[in-house]
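Got the structure open in your viewer? Here is a short tour, one selection at a time.

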Amino acid sequence: METCVTDMDEANNSVPADYLGTKSALFGLSLTTSLLSILTLGIYRFWQKTRIRKYIWSSIQLDEDSLEYTGTGLEKLLGFLVAIVFLAVYLGILQMVLFYFGLNMFVDPETNPELALGQMAAIYISLLAVMPFIYFAIYRGRRYRMARTRWRGIRFGMDQAAWGYVLRACGFLILNIFTLGLLSPLSTYKLEKYMIERTHFGDASFSLTGKWTEMYGAMKQFFIAFVLLAIGIASLTMGAMENAGTQTPFGSGQRPQSLGLLINGTAFVVFGYIWIFIASIYYQTRTFTYLANNTSLANTVTFQAAARPWKNIKIAVLGSLIIGAILFAIVAIFSAILSGVIFSKTVSFFTPTGLGAGSTIVSILIYLGTLMLVNALAMILINQPILSHIVTSTRVVNINALSDIHQRAFDKDTDAEGFADALDVGGAF
(Lines give C-alpha, C1' and ligand atoms only; values in the text may rest on other atoms or scores of the structure.)
Protein backbone atom coordinates (compact mmCIF):
# COMPACT_ATOMS: atom_id res chain seq x y z
CA MET A 1 0.00 0.00 0.00
CA GLU A 2 1.40 3.40 -0.96
CA THR A 3 2.01 5.97 1.74
CA CYS A 4 0.94 9.52 1.08
CA VAL A 5 3.81 11.88 1.86
CA THR A 6 2.92 15.50 2.62
CA ASP A 7 5.03 18.37 3.92
CA MET A 8 5.65 16.29 7.05
CA ASP A 9 6.76 12.75 6.43
CA GLU A 10 5.00 10.79 9.18
CA ALA A 11 7.23 7.75 8.66
CA ASN A 12 10.33 9.44 10.05
CA ASN A 13 8.79 12.68 11.34
CA SER A 14 10.83 14.78 8.87
CA VAL A 15 9.97 18.24 7.61
CA PRO A 16 11.41 19.95 4.52
CA ALA A 17 12.83 23.44 4.82
CA ASP A 18 11.47 26.10 2.48
CA TYR A 19 12.68 29.40 1.07
CA LEU A 20 10.08 32.12 0.41
CA GLY A 21 12.22 35.02 -0.78
CA THR A 22 11.58 36.66 -4.15
CA LYS A 23 13.93 38.24 -6.64
CA SER A 24 11.99 41.50 -6.88
CA ALA A 25 11.94 42.12 -3.13
CA LEU A 26 15.64 41.35 -2.64
CA PHE A 27 16.63 43.33 -5.74
CA GLY A 28 14.78 46.43 -4.52
CA LEU A 29 16.18 46.06 -0.99
CA SER A 30 19.73 45.64 -2.28
CA LEU A 31 19.53 48.67 -4.59
CA THR A 32 17.97 50.89 -1.92
CA THR A 33 20.45 49.99 0.80
CA SER A 34 23.39 50.25 -1.62
CA LEU A 35 22.31 53.79 -2.52
CA LEU A 36 22.08 54.72 1.16
CA SER A 37 25.53 53.25 1.74
CA ILE A 38 26.98 55.40 -1.06
CA LEU A 39 25.22 58.55 0.19
CA THR A 40 26.60 57.97 3.70
CA LEU A 41 30.12 57.23 2.41
CA GLY A 42 29.87 53.58 3.44
CA ILE A 43 28.58 54.05 6.98
CA TYR A 44 25.14 52.64 6.18
CA ARG A 45 26.62 49.37 4.89
CA PHE A 46 26.37 47.89 8.39
CA TRP A 47 22.64 48.55 8.40
CA GLN A 48 22.50 47.36 4.79
CA LYS A 49 23.87 43.93 5.68
CA THR A 50 21.58 43.79 8.71
CA ARG A 51 18.44 44.54 6.65
CA ILE A 52 19.39 42.01 3.98
CA ARG A 53 20.03 39.37 6.62
CA LYS A 54 16.69 40.04 8.26
CA TYR A 55 15.01 39.49 4.89
CA ILE A 56 17.02 36.34 4.09
CA TRP A 57 16.52 34.84 7.54
CA SER A 58 12.78 35.54 7.53
CA SER A 59 12.51 33.86 4.11
CA ILE A 60 13.86 30.55 5.47
CA GLN A 61 10.95 28.57 6.86
CA LEU A 62 10.83 25.27 8.74
CA ASP A 63 7.54 23.68 9.79
CA GLU A 64 5.73 26.95 8.94
CA ASP A 65 7.96 29.02 11.25
CA SER A 66 10.67 31.34 9.91
CA LEU A 67 14.11 32.10 11.22
CA GLU A 68 14.59 35.47 12.88
CA TYR A 69 17.71 37.64 12.78
CA THR A 70 18.01 40.05 15.72
CA GLY A 71 21.35 41.73 14.99
CA THR A 72 21.56 45.50 14.58
CA GLY A 73 23.56 47.83 12.38
CA LEU A 74 24.84 49.76 15.40
CA GLU A 75 26.33 46.56 16.85
CA LYS A 76 28.17 45.92 13.62
CA LEU A 77 29.43 49.52 13.35
CA LEU A 78 30.80 49.55 16.89
CA GLY A 79 32.42 46.14 16.41
CA PHE A 80 34.02 47.34 13.17
CA LEU A 81 35.48 50.45 14.83
CA VAL A 82 37.01 48.40 17.65
CA ALA A 83 38.51 45.95 15.13
CA ILE A 84 39.92 48.74 12.96
CA VAL A 85 41.65 50.40 15.92
CA PHE A 86 43.13 47.08 17.05
CA LEU A 87 44.34 46.11 13.56
CA ALA A 88 45.81 49.57 12.97
CA VAL A 89 47.84 49.39 16.17
CA TYR A 90 48.85 45.77 15.51
CA LEU A 91 49.95 46.40 11.91
CA GLY A 92 51.68 49.63 12.93
CA ILE A 93 53.78 47.78 15.52
CA LEU A 94 54.50 45.04 12.97
CA GLN A 95 55.76 47.58 10.42
CA MET A 96 58.01 49.18 13.04
CA VAL A 97 59.51 45.76 13.82
CA LEU A 98 60.00 45.02 10.12
CA PHE A 99 61.60 48.45 9.58
CA TYR A 100 63.98 47.77 12.48
CA PHE A 101 65.19 44.66 10.65
CA GLY A 102 65.55 46.55 7.39
CA LEU A 103 62.28 45.43 5.76
CA ASN A 104 59.81 47.96 4.42
CA MET A 105 56.69 47.59 2.28
CA PHE A 106 56.60 51.26 1.27
CA VAL A 107 59.70 51.70 -0.87
CA ASP A 108 60.51 52.10 -4.54
CA PRO A 109 62.32 48.84 -5.39
CA GLU A 110 63.27 49.80 -8.94
CA THR A 111 66.53 51.46 -7.93
CA ASN A 112 67.82 48.63 -5.75
CA PRO A 113 67.25 44.85 -6.13
CA GLU A 114 67.88 44.37 -2.40
CA LEU A 115 65.02 46.76 -1.63
CA ALA A 116 62.78 44.71 -3.93
CA LEU A 117 63.56 41.52 -1.99
CA GLY A 118 63.02 43.32 1.31
CA GLN A 119 59.71 44.71 0.13
CA MET A 120 58.52 41.29 -1.00
CA ALA A 121 59.55 39.73 2.31
CA ALA A 122 57.75 42.49 4.24
CA ILE A 123 54.56 41.94 2.22
CA TYR A 124 54.53 38.17 2.81
CA ILE A 125 55.33 38.55 6.50
CA SER A 126 52.49 41.06 6.88
CA LEU A 127 50.05 38.73 5.12
CA LEU A 128 51.06 35.80 7.33
CA ALA A 129 50.76 37.99 10.42
CA VAL A 130 47.16 38.85 9.48
CA MET A 131 46.11 35.22 8.82
CA PRO A 132 45.36 34.40 12.50
CA PHE A 133 42.97 37.33 12.67
CA ILE A 134 41.23 36.19 9.48
CA TYR A 135 40.53 32.83 11.14
CA PHE A 136 39.56 34.66 14.31
CA ALA A 137 37.11 36.71 12.25
CA ILE A 138 35.62 33.58 10.65
CA TYR A 139 34.85 31.97 14.01
CA ARG A 140 33.67 35.12 15.77
CA GLY A 141 31.59 36.08 12.75
CA ARG A 142 29.72 32.78 12.84
CA ARG A 143 29.34 33.05 16.61
CA TYR A 144 27.73 36.46 16.25
CA ARG A 145 25.33 35.24 13.54
CA MET A 146 24.36 32.26 15.69
CA ALA A 147 23.82 34.45 18.74
CA ARG A 148 21.51 36.72 16.75
CA THR A 149 19.49 33.92 15.12
CA ARG A 150 16.27 32.50 16.60
CA TRP A 151 13.67 29.95 15.60
CA ARG A 152 10.37 29.78 17.46
CA GLY A 153 11.92 32.20 19.94
CA ILE A 154 14.79 29.84 20.82
CA ARG A 155 18.26 31.29 20.35
CA PHE A 156 21.23 29.65 18.68
CA GLY A 157 24.69 30.17 20.12
CA MET A 158 28.38 29.19 20.06
CA ASP A 159 31.04 28.77 22.70
CA GLN A 160 33.85 31.27 23.19
CA ALA A 161 36.54 29.21 21.51
CA ALA A 162 37.87 31.42 18.74
CA TRP A 163 41.57 31.08 19.56
CA GLY A 164 41.34 27.30 19.61
CA TYR A 165 39.94 27.53 16.09
CA VAL A 166 42.75 29.93 15.09
CA LEU A 167 45.48 27.53 16.26
CA ARG A 168 43.92 24.60 14.42
CA ALA A 169 43.29 26.62 11.25
CA CYS A 170 46.88 27.90 11.14
CA GLY A 171 48.17 24.36 11.60
CA PHE A 172 45.99 23.03 8.78
CA LEU A 173 47.06 25.95 6.58
CA ILE A 174 50.71 24.90 6.96
CA LEU A 175 49.73 21.27 6.34
CA ASN A 176 47.84 22.16 3.15
CA ILE A 177 50.77 24.21 1.87
CA PHE A 178 53.21 21.33 2.30
CA THR A 179 50.76 18.78 0.82
CA LEU A 180 49.70 21.09 -2.05
CA GLY A 181 46.10 21.00 -0.86
CA LEU A 182 45.74 17.22 -0.99
CA LEU A 183 44.57 17.16 2.64
CA SER A 184 41.94 19.88 2.18
CA PRO A 185 39.09 17.46 3.12
CA LEU A 186 40.87 16.78 6.42
CA SER A 187 41.12 20.47 7.30
CA THR A 188 37.55 21.15 6.15
CA TYR A 189 36.16 18.29 8.23
CA LYS A 190 38.19 19.00 11.38
CA LEU A 191 37.57 22.76 11.37
CA GLU A 192 33.84 22.35 10.73
CA LYS A 193 33.66 19.68 13.43
CA TYR A 194 35.31 22.09 15.84
CA MET A 195 32.69 24.76 15.14
CA ILE A 196 29.66 22.48 14.84
CA GLU A 197 30.34 20.79 18.17
CA ARG A 198 30.54 24.20 19.86
CA THR A 199 27.23 25.32 18.40
CA HIS A 200 23.95 25.10 20.30
CA PHE A 201 20.24 25.53 19.76
CA GLY A 202 18.76 26.48 23.08
CA ASP A 203 20.19 24.14 25.70
CA ALA A 204 20.94 21.40 23.13
CA SER A 205 24.28 20.91 21.38
CA PHE A 206 25.14 19.86 17.82
CA SER A 207 27.52 16.98 17.06
CA LEU A 208 29.23 15.68 13.93
CA THR A 209 30.08 12.10 12.97
CA GLY A 210 31.53 10.63 9.77
CA LYS A 211 35.06 10.39 8.37
CA TRP A 212 37.05 13.03 6.56
CA THR A 213 38.24 10.48 4.00
CA GLU A 214 34.65 10.11 2.79
CA MET A 215 34.81 13.73 1.60
CA TYR A 216 37.58 13.06 -0.92
CA GLY A 217 35.05 12.66 -3.74
CA ALA A 218 34.39 16.38 -3.48
CA MET A 219 37.99 17.03 -4.62
CA LYS A 220 37.78 15.38 -8.04
CA GLN A 221 36.92 18.58 -9.92
CA PHE A 222 40.05 20.22 -8.49
CA PHE A 223 42.10 17.33 -9.85
CA ILE A 224 40.61 17.97 -13.31
CA ALA A 225 41.51 21.66 -13.01
CA PHE A 226 45.09 20.84 -12.00
CA VAL A 227 45.46 18.46 -14.97
CA LEU A 228 44.26 21.20 -17.33
CA LEU A 229 46.70 23.69 -15.81
CA ALA A 230 49.57 21.19 -15.95
CA ILE A 231 48.93 20.50 -19.65
CA GLY A 232 48.66 24.21 -20.36
CA ILE A 233 51.84 25.13 -18.52
CA ALA A 234 53.73 22.26 -20.20
CA SER A 235 52.51 23.38 -23.65
CA LEU A 236 53.47 27.00 -22.98
CA THR A 237 56.92 25.93 -21.79
CA MET A 238 57.50 23.71 -24.81
CA GLY A 239 56.24 26.42 -27.14
CA ALA A 240 58.51 29.03 -25.60
CA MET A 241 61.53 26.73 -25.79
CA GLU A 242 60.81 25.78 -29.42
CA ASN A 243 60.27 29.39 -30.39
CA ALA A 244 63.57 30.35 -28.76
CA GLY A 245 65.36 27.82 -30.98
CA THR A 246 63.83 28.99 -34.27
CA GLN A 247 64.93 31.91 -36.39
CA THR A 248 61.43 32.50 -37.78
CA PRO A 249 59.75 35.48 -36.14
CA PHE A 250 55.99 35.43 -35.59
CA GLY A 251 55.61 38.48 -37.77
CA SER A 252 56.93 36.80 -40.92
CA GLY A 253 54.77 34.94 -43.39
CA GLN A 254 55.73 31.54 -42.01
CA ARG A 255 53.93 30.09 -38.97
CA PRO A 256 56.25 28.30 -36.53
CA GLN A 257 55.06 25.13 -34.84
CA SER A 258 55.61 26.76 -31.46
CA LEU A 259 52.68 29.09 -32.13
CA GLY A 260 50.27 26.15 -31.97
CA LEU A 261 51.73 25.02 -28.67
CA LEU A 262 51.43 28.53 -27.25
CA ILE A 263 47.80 28.87 -28.34
CA ASN A 264 46.86 25.43 -27.00
CA GLY A 265 48.74 26.08 -23.76
CA THR A 266 46.97 29.38 -23.25
CA ALA A 267 43.59 27.75 -23.87
CA PHE A 268 44.30 24.97 -21.35
CA VAL A 269 45.45 27.48 -18.73
CA VAL A 270 42.33 29.62 -19.20
CA PHE A 271 40.03 26.60 -18.97
CA GLY A 272 42.01 25.37 -15.97
CA TYR A 273 41.37 28.58 -14.04
CA ILE A 274 37.70 28.52 -15.04
CA TRP A 275 37.50 24.92 -13.81
CA ILE A 276 38.94 25.97 -10.45
CA PHE A 277 35.93 28.26 -10.09
CA ILE A 278 33.63 25.34 -10.94
CA ALA A 279 35.56 23.00 -8.64
CA SER A 280 35.20 25.34 -5.67
CA ILE A 281 31.41 25.39 -6.00
CA TYR A 282 31.34 21.62 -6.46
CA TYR A 283 33.55 21.13 -3.39
CA GLN A 284 31.54 23.49 -1.18
CA THR A 285 28.22 21.89 -2.14
CA ARG A 286 29.43 18.32 -1.72
CA THR A 287 31.11 19.00 1.63
CA PHE A 288 28.03 20.87 2.89
CA THR A 289 25.73 17.95 2.11
CA TYR A 290 28.11 15.44 3.71
CA LEU A 291 28.54 17.50 6.87
CA ALA A 292 24.81 18.20 7.13
CA ASN A 293 23.93 14.52 6.71
CA ASN A 294 26.30 13.64 9.55
CA THR A 295 25.22 16.41 11.92
CA SER A 296 22.75 15.84 14.75
CA LEU A 297 21.20 17.97 17.48
CA ALA A 298 20.97 16.52 20.99
CA ASN A 299 21.64 13.11 19.37
CA THR A 300 17.96 12.96 18.34
CA VAL A 301 17.34 15.50 15.57
CA THR A 302 19.18 14.82 12.30
CA PHE A 303 19.33 16.37 8.84
CA GLN A 304 18.97 15.15 5.26
CA ALA A 305 20.67 17.36 2.67
CA ALA A 306 20.51 16.63 -1.05
CA ALA A 307 21.84 19.79 -2.74
CA ARG A 308 23.13 19.09 -6.26
CA PRO A 309 26.55 20.55 -7.06
CA TRP A 310 25.94 20.90 -10.80
CA LYS A 311 22.75 22.84 -10.22
CA ASN A 312 24.64 25.36 -8.10
CA ILE A 313 27.39 25.48 -10.73
CA LYS A 314 24.78 26.15 -13.43
CA ILE A 315 23.29 28.95 -11.33
CA ALA A 316 26.70 30.54 -10.72
CA VAL A 317 27.88 30.27 -14.34
CA LEU A 318 24.65 31.56 -15.90
CA GLY A 319 24.42 34.35 -13.35
CA SER A 320 28.02 35.38 -13.98
CA LEU A 321 27.48 35.36 -17.75
CA ILE A 322 24.35 37.50 -17.46
CA ILE A 323 26.09 39.99 -15.17
CA GLY A 324 29.11 40.04 -17.48
CA ALA A 325 26.91 40.71 -20.52
CA ILE A 326 25.14 43.57 -18.71
CA LEU A 327 28.48 45.05 -17.66
CA PHE A 328 29.78 44.79 -21.23
CA ALA A 329 26.68 46.58 -22.52
CA ILE A 330 27.06 49.35 -19.93
CA VAL A 331 30.73 49.85 -20.78
CA ALA A 332 30.00 49.85 -24.51
CA ILE A 333 27.16 52.37 -24.21
CA PHE A 334 29.13 54.61 -21.86
CA SER A 335 32.20 54.48 -24.11
CA ALA A 336 30.10 55.42 -27.15
CA ILE A 337 28.49 58.33 -25.31
CA LEU A 338 31.80 59.51 -23.89
CA SER A 339 33.48 59.35 -27.29
CA GLY A 340 30.73 61.45 -28.77
CA VAL A 341 30.98 63.99 -25.97
CA ILE A 342 34.75 64.33 -26.24
CA PHE A 343 34.60 65.15 -29.93
CA SER A 344 31.56 67.37 -29.58
CA LYS A 345 32.09 71.12 -29.16
CA THR A 346 28.47 71.94 -28.39
CA VAL A 347 28.43 70.73 -24.76
CA SER A 348 30.01 73.42 -22.59
CA PHE A 349 30.03 71.20 -19.48
CA PHE A 350 32.83 69.14 -21.04
CA THR A 351 36.17 70.33 -22.32
CA PRO A 352 36.56 69.80 -26.10
CA THR A 353 40.17 68.67 -25.75
CA GLY A 354 39.71 65.92 -23.18
CA LEU A 355 37.83 64.71 -20.19
CA GLY A 356 36.58 67.65 -18.15
CA ALA A 357 34.92 67.96 -14.73
CA GLY A 358 31.53 67.03 -16.15
CA SER A 359 32.67 63.75 -17.65
CA THR A 360 34.55 62.93 -14.44
CA ILE A 361 31.39 63.38 -12.36
CA VAL A 362 29.36 61.35 -14.83
CA SER A 363 32.01 58.62 -14.81
CA ILE A 364 31.94 58.42 -11.01
CA LEU A 365 28.15 58.27 -10.95
CA ILE A 366 28.07 55.55 -13.59
CA TYR A 367 30.79 53.60 -11.76
CA LEU A 368 28.91 53.75 -8.44
CA GLY A 369 25.62 52.94 -10.14
CA THR A 370 27.24 49.96 -11.85
CA LEU A 371 28.56 48.66 -8.52
CA MET A 372 25.07 48.94 -7.05
CA LEU A 373 23.58 47.11 -10.00
CA VAL A 374 26.20 44.33 -9.97
CA ASN A 375 25.72 43.80 -6.22
CA ALA A 376 21.94 43.58 -6.60
CA LEU A 377 22.17 41.29 -9.64
CA ALA A 378 24.62 38.98 -7.85
CA MET A 379 22.14 38.74 -4.99
CA ILE A 380 19.19 37.68 -7.13
CA LEU A 381 21.00 35.73 -9.87
CA ILE A 382 23.62 33.85 -7.85
CA ASN A 383 23.45 34.11 -4.06
CA GLN A 384 19.70 33.77 -3.48
CA PRO A 385 19.10 30.94 -6.02
CA ILE A 386 21.98 28.89 -4.58
CA LEU A 387 20.74 29.49 -1.03
CA SER A 388 17.20 28.59 -2.08
CA HIS A 389 18.37 25.32 -3.65
CA ILE A 390 20.38 24.37 -0.55
CA VAL A 391 17.51 25.20 1.82
CA THR A 392 14.74 23.50 -0.14
CA SER A 393 16.82 20.34 -0.59
CA THR A 394 17.25 19.94 3.17
CA ARG A 395 14.95 18.13 5.60
CA VAL A 396 14.93 17.99 9.40
CA VAL A 397 14.28 14.51 10.80
CA ASN A 398 12.54 13.91 14.16
CA ILE A 399 11.53 17.55 14.40
CA ASN A 400 9.11 16.86 17.29
CA ALA A 401 12.13 16.40 19.56
CA LEU A 402 12.78 20.14 19.25
CA SER A 403 9.84 20.76 21.60
CA ASP A 404 11.97 19.39 24.46
CA ILE A 405 14.64 22.06 23.95
CA HIS A 406 14.62 25.09 26.24
CA GLN A 407 15.89 28.66 25.89
CA ARG A 408 19.58 29.49 26.33
CA ALA A 409 21.09 32.56 27.94
CA PHE A 410 21.72 35.62 25.78
CA ASP A 411 25.31 35.82 24.47
CA LYS A 412 26.55 39.30 25.37
CA ASP A 413 30.25 38.86 24.63
CA THR A 414 30.23 39.08 20.83
CA ASP A 415 32.19 41.52 18.67
CA ALA A 416 29.38 41.87 16.11
CA GLU A 417 31.62 40.61 13.27
CA GLY A 418 33.92 43.61 13.64
CA PHE A 419 36.99 41.72 12.48
CA ALA A 420 34.99 40.01 9.72
CA ASP A 421 33.91 43.41 8.37
CA ALA A 422 37.39 44.92 8.74
CA LEU A 423 39.05 41.96 6.94
CA ASP A 424 36.18 41.44 4.45
CA VAL A 425 35.43 37.81 5.34
CA GLY A 426 32.18 36.12 6.31
CA GLY A 427 30.26 35.18 3.19
CA ALA A 428 27.70 36.76 0.88
CA PHE A 429 25.22 37.73 3.57
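Before the first stop, one term: a polar contact is a pair of N or O atoms within 3.5 Å, and within protein one of the two must be able to donate a hydrogen and the other to accept it. Also keep in mind that this is a predicted model.

**Stop 1: T295**

Select T295, which sits in strand 8. Now add L291 and look at its backbone oxygen: the side chain of T295 reaches that atom at 2.6 Å. That falls inside the 3.5 Å limit for a polar contact. Is T295 buried or exposed? It counts as buried, because its relative accessibility is 9% and the cut-off for buried is under 20%. To see what surrounds T295, leave out neighbours within four places in sequence and show I196, F206, S207, L208, V301, T302 and F303, each in contact with it.

**Stop 2: T285**

Next, select T285 in helix 8, which covers residues 257-293. Here the side chain of T285 reaches the backbone oxygen of I281, at 2.9 Å. With a relative accessibility of 5%, T285 counts as buried. Show A307, R308, P309 and N312 too: T285 touches them, not counting residues up to four places away in sequence.

**Stop 3: the whole chain**

Zoom out and colour by secondary structure. You should find 11 helices and 10 strands. Of the 429 residues, 41% are buried. Take the contacts in the chain with a separation of 6 or more: 75% of them are between residues 24 or more positions apart. The accessible surface comes to about 23600 Å², and carbon and sulfur atoms account for 68% of it.

**Stop 4: the cores**

Select I56, F201, L297 and L402. These residues touch the most other members of the largest nonpolar core, which has 52 residues. Then highlight helix 10, residues 357-392: it gives the most to this core, with 10 residues. Apart from that core lies another one, of 21 residues, including F133, F172, L183 and Y194.

Stay with L183 for a moment. Look for it in the loop between helix 5 (162-178) and helix 6 (184-196). Which residues does L183 contact, leaving aside its neighbours within four places in sequence? Show L175, N176, W212 and Y216. If you like measuring tools, try L183 to M219: their C-alpha atoms are separated by 9.8 Å, and the two residues are 36 apart along the chain.

**Stop 5: a patch on the surface**

Turn on the surface and select V85, V89, I93 and V97. Together they make a nonpolar surface patch of about 340 Å². I93 belongs to helix 3, residues 73-100.

**Stop 6: two positive phi angles**

Select D63, in the loop between strand 2 (60-62) and strand 3 (65-69). D63 is not a glycine, yet it has a positive phi of about 55°. Then jump to N299, in the loop between strand 8 (295-297) and strand 9 (301-305). Phi of N299 is near 60°, again a positive value in a residue other than glycine. How do the two sit relative to the surface? D63 is partly exposed, with a relative accessible area of 28%, while N299 is exposed at 68%.

**Stop 7: salt bridges**

The whole structure holds six salt bridges. Start with R152 and D63, whose closest N and O atoms are 2.7 Å apart. This pair links distant parts of the chain: R152 is in the loop between strand 4 (149-151) and strand 5 (154-158), D63 is in the loop between strand 2 and strand 3, and they are 89 residues apart. R152 counts as partly exposed at 41% relative accessibility.

Now select E75 and R148, a salt bridge with its closest N and O atoms 3.1 Å apart. E75 lies in helix 3 and R148 in the loop between helix 4 (113-147) and strand 4, so the pair ties together parts that are 73 residues apart in sequence. E75 counts as partly exposed at 26% relative accessibility, whereas R148 counts as buried at 3%.

For another salt bridge, pick K193 and E197, where the closest N and O atoms are 2.8 Å apart. K193 is partly exposed, with a relative accessible area of 22%, and E197 counts as partly exposed too, at 31%. To finish, select D63, D65 and R152 together: salt bridges that share partners join them into one network.

Definitions and conventions. Residues numbered from 1 in each chain as written. Predicted model: local features only at pLDDT ≥ 70, side-chain atom pairs only at ≥ 80, totals over all residues. Heavy atoms only, no water. Helix = DSSP H or I, 4+ residues; strand = E, 2+ residues; numbered from the N terminus. Buried < 20%, exposed > 50% of the residue type's maximum accessible area, 1.4 Å probe, protein only. Contact = heavy atoms within 4.5 Å. Areas by Shrake-Rupley, 256 points an atom, 1.4 Å probe, with all protein chains shown as cover. Core = buried A, V, L, I, M, F, W, Y, C linked by side-chain atoms within 4.5 Å. Patch = residues over 30% accessible without salt bridge, like charges linked within 9 Å, V, L, I, M, F, W, Y side chains within 5 Å. Salt bridge = Lys/Arg side-chain N within 4 Å of Asp/Glu carboxyl O.
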